[in-house]
Structures are given as structure tokens and as C-alpha cells.
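Reader: I've got a structure to look at before lunch. Can you walk me through it?
Author: Sure. Put it up and ask away.

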Amino acid sequence: MSDETEKTFTLTDDQTGASYKLPVLDGTTGPSVIDVRKLYAETDHFTFDPSFTSTGSCKSRLTFIDGEKGILMHRGYTIEELAEKSSFLEVAYLLLNGDLPTQKEFDEFDHNITYHTMVHEQLNYFYRGFRRDAHPMAIMCGVVGGLSAFYHDSLDIWDPQQREISAHRLIAKIPTLAAMTYKYSVGQPFMYPRNDLNFSENFLYMCFGMPSEPYKINPVLANAMDKILILHADHEQNASTSTVRMAGSSQANPFACISAGIASLWGPAHGGANQAVLEMLDQIGHKDNIPEFLERAKDKDDPFRLMGFGHRVYKNFDPRAGVLKKACDEVLEDLGVDDPRLELAMELERIALEDPYFVERKLFPNVDFYSGIILKAMGFPTSMFTVLFAVARTVGWVSQWKEMIEEPSLRIGRPRQLYTGPAQRPYVAINKRK
Ligand code: CMC
């Protein structure tokens, strides 16, 4: 995207009649943006957009979303094509480096990631400091932030080679830390990574393998895990990615930035939704109770919302949900899972999709609706769901962080505000206050 532009947008101050020409910048595709960078200097006004619904916070070449048409592309490739033809590690390379790798490039990347999967042995002792019943995301915030205390040799963000090593370390080590988090919570021994397995197989092995017996890879589960990871790898400037970029804009080290992203992802309106879906299904309990809960979801005085439904950006369908629904069917069939919650989920989906409230507001199942169901069937406890999202999204966070640091015009992120507090007033001594 060039900042040289002929196009302008005129803004008129109705009080003074003054008008200002603002440059309009075009991306490769998608809506153009009105460049307001000089607005304050020229007009003495800020723009006001608290939830950033109309604000582009950066230029990016990674991911394109058209929410109306249900399109998600990474570096120009549709998510459907990537999910069908690619692998998570190849998508990671694509996001990080800009193009699909040649075989040689892929082999080298695969080798680098594989040989960075082990974590410093001292990190094992971090876990003992946590309660066994700690939420896995709480542990992840701590241990991922802690990585910056172990890998001092890759903390110089201005050195491209150190940036690359940190990126590889994060992509490789976060699955190991995630699996250790799970093992710790169930009181089982940590499993060291296995270099003969691919990324998703190794992750399943570290979670479900035991030192006492060989672990048999189930290809259906490994394939579904790889799809879940691909579908969650990046999603443009969502809350956690924006958090990573904001933290990184202060020149904080990448391990600290990704830990900030994990904290942001934790919330139920973002990555915590897949856990919330299962909890909601438990709360609904039975198919007969669906109408009652649908009414509650529509009631503005009731905080209950249908978790796994709706999306800030997708307003017709979530392209990731379609891919995952298919993987969900395959996993359930392969495992022969007979869980009444799944039947309940399918009935809820059917009824909600016919309900005028949800139809009119374009609320349909999002990716988390199905990922929660698959992960449950695989044997993950609900509290681990958001951790798995973090494993996948690490690739997007790291790629977005790298892109931002490589931007020559990088400046610290610093939004402004509309101040609504008291105007200036004199200090009153405590014995004179009423
Ligand atoms: N259940 C009931 N009503 C809803 C829901 C829902 N899940 N989502 C939105 N609405 C209503 C909302 O009350 C509003 O109604 P009205 O126009 O009458 O005031 C209308 O739909 C528009 O919603 P909104 O609050 O403006 O939408 P938003 O863009 O601010 O919120 C959302 C998006 C995802 C936070 C929200 O839909 C939600 O809370 N969904 C449930 C949580 C969830 O599944 N989150 C995962 C998102 S996908 C993963 C990711 O990409 O991070």
C-alpha cells in the first residue's frame, strides 16, 4: 500500500465552516482507509472509536478478511484451500515469511522448529510453583513470559537473526509448554518432544503419551488437530493480536509480547469462547431446555449469550466453521463418541439458525462452536481449549510482531481519549471535605 495518493476525503467542521482534505489510501483489496494521522495536528480533533470498529491500526500483508462475504485469506490463499491442501507448519512458514516454501525451505524450517521444541530444563521447576488446579491459561501467561528469562541470546529485536530465532523458539516451545501445563494439571509426568513426529502428532504425543507405554498416533485425530491449528493461526487485528502489536510497539521483547497476547486471548469474548461453549451446553443440560435459553440469550437484561455464536467481523458465515464442522464429523465418527452434549449442540445450532432473532442479526456458529466439540471428543478438558487456541495463534502473533518491527515507520502505539472526568478543580484539605 502506497502512501502516495490522489484520492481525498473532505471533512467539514460545521461550527467554523473550515474543511480539511484527508488522504484516502487503497489496500490490495477491501475497503480503503481515510488517513487521519495528521488530523489532530491540523484540526485539533481526535477521532473517537473505542472498540475500533472503524479503525485500521496498521498496514499488514498477512491476512485479509471480508466479513460480509465470509472470506479469510493468508498471504492471498483462502483458508479453505490451506486447510485442505497445506499443513500447519507450512502455513506457519507462509505467515512468517510471505510465500509458500520450496521443499528445501520447508525442510529447513521443519528442522529448525523441531529442534527448538525442547525447553530449558529449569523451566520444569516453574510449574511446581503453581497450584495443580490453576487455570492452564494462568500458567501459560506465566511460563511464556518467563521464556524471556531463559533465552537472552535472542532478545535483541533489532537483529533480524535474533528475531528469527525468537520466532522459531516461540512457535516450537509454546506447544511443549502447553502440553506440560496439561500434564501438570492431571499429575502426569512431562513428556519430552519427539523429533520423529510432525508438529501436530508431537503435540498430541506430549499431551496424551505416557512414559510407561508406546503412544499410537491416530491419523484422524492428528489431521483434525492440524486443521484446528491452521484455522486458528491468524485472524488479522483481533484483540490478542492488537495486544501483541501494542506491547511490541514499546520495543518489549517477543516473549513478553506473546505472553500479553495470551492474557488477552483468555477472555470469553475472544479465545475463551470454545471453553464457554461446552460450559453453556452443560448449563442448558437437555434439548428440552433450548427454547428457555434462547429466550434468555435474546433478553438484554439477562447476561446469558449464546456462546460460539456471532462474530465481530463475519456477518454472514465464518469460513473456518465450515471446515471444522467437517473435521468434527470425522473425529466423532472415528472415535465413536456418543456424548449427549454433542446431540444437544447440533439441536441448538439447528434451532438458532431458524430463529428470527439470530437470523436478523446474522448470528451463526463461529469456529469455536465446533473446535470445542472436537477438542472435548479428543479428550482435552475444557480448561485447555483456549490454550490450544494460543498454540495456533502464536504463529499469527509472532508473524504480526515481526512484520511490525520490520516496518521502518514503527512508533509506539498511543491512542488518545475523550476525557469525561471533572474539569480542573482546587484541592481541598481532608478536614474541609464534605
Ligand atoms: N447471543 C445473543 N445475542 C448476541 C450474541 C450472542 N452470542 N452475539 C451478538 N448478539 C446480539 C447483540 O446483543 C446485539 O443485539 P442488538 O442489536 O439487539 O443490540 C447484536 O447481536 C450485535 O451484536 P454485538 O454485540 O454488536 O456484536 P459484537 O461484534 O460486539 O460481538 C461477539 C461479537 C463475538 C463478542 C459476540 O457475538 C459474542 O459475545 N459471541 C459469543 C462469544 C463468542 O462466541 N466469541 C467467539 C468469537 S470467534 C473467536 C475469535 O475470532 O476470537
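Reader: How do strands β1 and β2 pair, and over how many bridges?
Author: This is a predicted model, to be clear. β1 covers residues 8–12 and β2 covers residues 19–25. They pair in the antiparallel sense, over 5 bridges.

Reader: Which residue is the bridge partner of T12 in β2?
Author: S19.

Reader: What about the turn? How many residues sit between the strands in that hairpin?
Author: 6 residues. G17 in this hairpin takes a positive phi, near 80°.

Reader: Now β2 and β3. What is the sense of their pairing?
Author: Antiparallel, over 2 bridges. β3 is short to write down: residues 33–34. L25 stands opposite V33 in β3.

Reader: Next sheet. What is the strand order in the open sheet with β4?
Author: The order is β4-β5-β6, so to read it off: 3 strands, with antiparallel pairing.

Reader: Which are the edge strands there?
Author: β4, residues 63–66, and β6, residues 77–78. Each of them pairs on one side only.

Reader: And how many bridges join β5 to β6?
Author: 2 bridges. β5 spans residues 71–74, and the two strands run antiparallel. M73 stands opposite T78 in β6.

Reader: Zoom out. How many helices and strands are in the protein chain?
Author: 18 helices and 6 strands.

Reader: Why call it as compact as a globular protein of that length?
Author: Because its radius of gyration is 24 Å, close to the 22 Å that the globule rule gives for 434 residues.

Reader: What box do the C-alpha atoms fill?
Author: Roughly 80 × 60 × 60 Å, along the principal axes.

Reader: What share of the residues counts as buried?
Author: 47% of the 434 residues.

Reader: And contacts? What percentage join residues at least 24 apart?
Author: 70%, taken among contacts between residues at least 6 apart in sequence.

Reader: Surface next. How much area does the protein chain expose?
Author: About 22,600 Å². Carbon and sulfur atoms supply 52% of that.

Reader: Last one, charges. How many positive and negative side chains are there?
Author: 45 positive and 58 negative. The centres of the two sets lie 7 Å apart.

Reader: Good. That's what I needed.

Conventions:
Residues numbered from 1 in each chain as written. Heavy atoms only, no water. Helix = DSSP H or I, 4+ residues; strand = E, 2+ residues; numbered from the N terminus. Rg over C-alpha atoms; globule rule 2.2 N^0.38 Å. Buried < 20%, exposed > 50% of the residue type's maximum accessible area, 1.4 Å probe, protein only. Contact = heavy atoms within 4.5 Å. Areas by Shrake-Rupley, 256 points an atom, 1.4 Å probe, with all protein chains shown as cover. Lys, Arg positive; Asp, Glu negative; His and termini not counted. Charge placed at Lys NZ, Arg CZ, Asp CG, Glu CD. Pairing = 2+ DSSP bridges.
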